[in-house]
Amino acid sequence: MAEPILALEDVHTYIGQHHILQGVTLAVKPGRATVLLGRNGAGKSTTLRTVMGLTPATSGQIWFEGDHIEQHKVYKIARKGVGYVPEDQAVLYNLSVEENFRLAMFSETEETWQRMETIFELFPDLKKFWRSKAGVLSGGQKQMLAIALAFLNIHRILLIDEPSKGLAPIIVDHLAESLNHIKDETTVILVEQNFHLACQVGVDYFILDDGHVVHQGLVENLVDNEELKQKYLGIG
Amino acid sequence: MTTETTSLELTVKSGFSAKNLAIWLGSVGIWFLPLIWIDPSTYMVLTVAGVAMGMLLFLAASGLTLIFGLMDVLNLAHGAFFAWGAYVGFSILNRLNALGWVETGTFSQCLVSVLLALLVSLLVGVVLGFFMERIIIRNVYGDHLKQILITMGALTVMVEILIIFWGPNDEVVLVPAAFQGSYDVFDVIINKFRVFAIFIGVAIFVAMQLVLKRTKLGIIVRGGVENPDIVRAMGYNIHSIFTGVFTVGAALAALGGTMWGIFKEQIYPGMGQENLIFALIIVIIGGFGSVTGSFLGAIMVGLAFNYVAFLLPKLALGVNILIMAIILLIRPAGLMGQE
């Protein structure tokens with residue numbers, strides 16, 4: 001069994017006075033797509049923000065490729081190869097599409113420009129609106145831009161928070177294809193309310209409830225487990 | 001991979017409309033209105049004086065555009081940077097005058113004197129701005145009330161320290177010989193230092209535009225202002241970048257102070273507070289975060305002040321507030337602000 005690329009041990013996180021993560025422990029295997037599932041308010045997004053350092057853990061330990069990162073600053077965590085696509089406003093509306101890409105390119109190498117060509121093949125609209133402000137793109141295009149920005153650099157691990165939120169079904173299908181393309185290249189942790197999308201992309205899963213991990217396993221086994229889905233996800 | 005995204009809807013907002021065109025035509029046309037009452041050569045003299053004053057006001061406001069307009073930090077101590085810049089420039093000119101470079105110097109000695117005064121005040125602004133951001137501002141990002149209270153305190157302390165060094169009295173600033181007097185261009189009298197002020201103002205404007213719009217640093221700054229979390233998560237140390245932006249803003253204020261001191265030929269410890277009002281008006285007229293807006297706003301204020309001061313002297317001081325009120329009525333986000 002490979003060493004986990006990312007591991008959280010008894011992580012507690014507060015937002016203001018609210019105790020959101022109440023001892024999260026999980027381990028993410030390298031080269032696989034892991035989905036975090038659970039009801040609203042279970043702590044899924046906070047788990048990603050805590051790993052990224054945006055909402056730092058108040059106690060517990062976080063290892064990334066063997067290093068403690070729970071005390072690291074956000075930009076240092078990012079430079080270690082942790083990519084993050086936030087839930088809301090994952091792109092910068094006042095910048096053009098081109099400027100969003102230039103910002104995401106931490107180093108403008110030959111390789112990154114070659115990846116741009118792949119991105120244009122995946123998301124042709126982005127080339128069409130290259131000079132437009134990202135704020136004028138439709139919701140689906142903004143989300144595609146966010147995914148494309150994450151795809152631009154090769155991350156060691158990519159944290160993606162609810163990319164399908166508010167998108168039309170046809171766009172969610174396109175999103176699933178893009179995410180599957182990304183997971184072929186890097187380890188992915190996906191927070192997703194859309195169970196269908198989670199199943200299309202995920203290999204491993206963790207279910208969070210009230211700030212704890214309450215269940216984990218392979219997504220393929222979860223699909224038929226009606227009791228678990230009903231109890232923790234409210235579907236079935 | 002399919003290309004179904006082509007079916008996605010896109011709403012590209014047109015940035016140009018008949019209303020905008022009318023506003024812009026009106027905005028340009030109104031500046032020719034004084035020609036009804038003023039003869040053309042006097043109008044040209046007033047226009048050049050107004051543009052020069054506008055450039056000086058822009059120099060004072062440009063730093064505030066970065067600090068208040070872009071970073072959303074209500075820094076009332078900005079006026080102190082301005083005053084410190086003026087006094088440092090004054091001291092440098094006095095030192096160089098002892099070498100015979102200012103009042104009796106050649107053109108190149110005078111030019112070097114002014115540039116040296118600007119450079120040293122810029123450096124003093126950098127030092128003051130750096131420590132101010134690190135010690136005070138960093139703790140109050142995102143909290144306007146705390147910003148007002150703490151920067152008001154910082155303003156008082158900085159002005160009092162200034163008084164310890166230079167005293168509480170007004171000081172006369174030396175104008176280098178090469179910048180005294182005027183040019184006569186087809187009966188239009190143009191003060192030499194005003195030409196220099198226009199040149200410096202345009203140079204600073206172009207430099208700011210190039211950095212903010214054309215460089216990676218500019219993209220990082222604009223992105224960081226809009227959503228610091230995204231920019232941090234992309235691997236940028238946004239705190240260091242904000243320190244840099246604040247420092248540049250303070251340095252520009254100090255540079256503006258030196259230019260203003262030479263222009264007015266007089267400085268006093270409270271000059272920063274008075275100019276802070278002008279600078280705030282210009283940033284608001286221009287639209288938050290827009291360097292172009294501040295540039296245009298400063299020219300508008302400069303022109304209006306000169307025309308009105310000639311026609312109705314008693315109204316001159318209130319005309320800035322009037323312009324601000326009219327512009328905000330028509331465009332609540334300012335000339336170039338995002339609505």
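Here are some exercises with worked solutions on a predicted model.

**Exercise 1. Strands in chain A**

Work out which residues pair up around strand S4 of chain A, and what the turn after this strand looks like.

*Solution.*
Step 1: Begin with S1(A), residues 6-15, and S4(A), residues 59-64; these strands run antiparallel and are joined by five bridges.
Step 2: Pick out one pair: A:Leu6 has A:Phe64 in S4(A) as its bridge partner.
Step 3: Now move on to S5(A), residues 67-68, which is antiparallel to S4(A) and joined to it by two bridges. Here A:Trp63 has A:His68 as its bridge partner.
Step 4: Look at the turn. Two residues lie between S4(A) and S5(A), and the two strands form a hairpin. In that turn, A:Glu65 has a positive phi of about 50°.

**Exercise 2. A strand with two faces**

Find out which way the residues of strand S6 of chain A point, and in which sense S6(A) pairs with S7(A).

*Solution.*
Step 1: Follow S6(A) through residues 82-85: A:Val82 and A:Tyr84 point one way, while A:Gly83 and A:Val85 point the other way.
Step 2: Check their surroundings: all four of these residues are buried.
Step 3: Find the partner strand. S7(A), residues 157-161, pairs with S6(A) in the parallel sense over four bridges. As an example, A:Gly83 has A:Leu158 in S7(A) as its bridge partner.

**Exercise 3. Two helices side by side**

Decide whether H3(B) is roughly parallel or roughly antiparallel to H5(B), then describe their contact.

*Solution.*
Step 1: Take the geometry. The axes of H3(B) and H5(B), residues 144-166, come within 9 Å and cross at roughly 15°.
Step 2: Apply the cut-off: because angles under 35 degrees count as roughly parallel, H3(B) is roughly parallel to H5(B).
Step 3: Add the handedness: H3(B) passes H5(B) in a left-handed crossing.
Step 4: List who meets whom. From H3(B) come B:Gly79, B:Ala80, B:Ala83, B:Trp84 and B:Tyr87, and they meet B:Leu155, B:Met158, B:Val159, B:Leu162 and B:Trp166 of H5(B).
Step 5: Sort the residues of this contact by class: nine are nonpolar, one is polar and none is charged.

**Exercise 4. Buried or exposed?**

Classify B:Ala86 and B:Gly224 as buried or exposed, and name residues that each one touches.

*Solution.*
Step 1: Locate B:Ala86 in H3(B), residues 78-98.
Step 2: Count what surrounds this residue. B:Ala86 has 33 other C-beta atoms within 10 Å, so B:Ala86 is buried.
Step 3: Look for contacts beyond four places in sequence; those of B:Ala86 include B:Trp260, B:Ile267 and B:Met271.
Step 4: Turn to B:Gly224, found in H7(B). B:Gly224 is buried because 25 other C-beta atoms lie within 10 Å.
Step 5: Leaving out residues up to four places away in sequence, B:Gly224 touches B:Val231, B:Ile238, B:Ile241 and B:Phe242.
Step 6: Compare sequence with space for one of these: B:Gly224 and B:Phe242 are 18 residues apart in sequence, with 8.4 Å from C-alpha to C-alpha.

**Exercise 5. Where the chains meet**

Describe the side of chain B that touches chain A.

*Solution.*
Step 1: Count both sides: 35 residues of chain A and 27 residues of chain B take part in the contact.
Step 2: Find the elements of chain B that give two or more residues: they are H7(B), 216-226, and H8(B), 228-233. H7(B) provides the largest share, six residues.
Step 3: Sort this side of chain B by class, which gives ten nonpolar, nine polar and eight charged residues.

Definitions and conventions
Residues are numbered from 1 along each chain as its sequence is written. Chains are lettered from A and ligands numbered from 1 in the order in which they are written. This is a predicted model: local features need pLDDT of at least 70, side-chain atom pairs count only at pLDDT 80 or more; totals for chains, interfaces and linings use all residues. Two strands pair if DSSP finds at least two bridges between them. Two residues are in contact if their C-beta atoms, placed from the backbone, lie within 7 Å. Ala, Val, Leu, Ile, Met, Phe, Trp, Tyr, Cys and Pro count as nonpolar, Asp, Glu, Lys and Arg as charged, and the others, Gly among them, as polar. A residue is buried if 20 or more other C-beta atoms lie within 10 Å of its own, exposed if 12 or fewer, and partly exposed in between; C-beta atoms are placed from the backbone. Axes are lines fitted to C-alpha atoms, for helices over the stretch in contact, and angles run from 0 to 180 degrees between N-to-C directions. Angles under 35 degrees count as roughly parallel, over 145 as roughly antiparallel, 65 to 115 as roughly perpendicular and the rest as oblique. A crossing is left-handed if the near helix is turned anticlockwise from the far one by less than a right angle, and right-handed if clockwise.
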